[in-house]
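Dear colleague,

I am handing over the structure below, and my notes on what was found in it follow. Please read them with the coordinates open beside you.

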Amino acid sequence: MSASPAPAPGEGPVRPVSVSLHEGTIAALKARTGKRGMSAYVEGLIQRQLERDRLRELIEGAEAEHGPVDQAAVDAKRALLRGGAAGSADAA
């Protein structure tokens, strides 16, 4: 029988792990989440970072294949998404 693929981030059973953090980081985390919300908060942070890492990899792959992104085109699309004209101050 073949092994099943590893679960995607945010899927699969929850299990404890040990990580080392600076005391100041732990204090700030507890202040923000309370003692019982720490795991969910850290899980969310890690999932978002993994998404960003994967997006960066996809962008790098696309740029390697098609060349760098045209920043003027990005700014124009951003302006459209924000409901402004391509040359508006909101495009920056």
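**Pocket, helix packing and helix α3**

The largest pocket in this predicted model has a volume of about 800 Å³. Its lining is made up of 22 residues, and those nearest the centre of the pocket are R15, V17, S39, E43 and I46. Helix α2, which spans residues 38-66, gives the most to this lining, with 7 residues. Sorted by class, the lining of the largest pocket holds 14 nonpolar, 5 polar and 3 charged residues.

Helix α2 also packs against helix α1 (residues 23-33), the two axes coming within 9 Å and crossing at roughly 105 degrees. Because angles of 65 to 115 degrees count as roughly perpendicular, α1 is described as roughly perpendicular to α2. On the α1 side the contact is made by L29, K30, R32 and T33, and on the α2 side by M38, Y41 and V42. The classes represented in this contact are 4 nonpolar, 1 polar and 2 charged residues.

The remaining points concern helix α3, residues 71-81. At the start of α3, D70 places a side-chain oxygen within 3.1 Å of the backbone nitrogen of A72, while just after the helix G83 adopts a positive phi of about 85 degrees.

With best regards

Methods:
Residues numbered from 1 in each chain as written. Predicted model: local features only at pLDDT ≥ 70, side-chain atom pairs only at ≥ 80, totals over all residues. Heavy atoms only, no water. Axes fitted to C-alpha atoms, helices over the stretch in contact; angles between N-to-C directions. Helix = DSSP H or I, 4+ residues; strand = E, 2+ residues; numbered from the N terminus. Parallel < 35°, antiparallel > 145°, perpendicular 65-115°, else oblique. Contact = heavy atoms within 4.5 Å. Nonpolar A, V, L, I, M, F, W, Y, C, P; charged D, E, K, R; others polar. Polar contact = N/O pair within 3.5 Å; in protein donor to acceptor, adjacent residues only side chain to side chain. 1 Å grid on protein atoms, 1.4 Å probe; cavity = no way out; pocket = protein on both sides within 12 Å on 5 of 7 lines; lining within 4 Å. Points joined across faces, edges and corners; volume = space filled by probe spheres on them.
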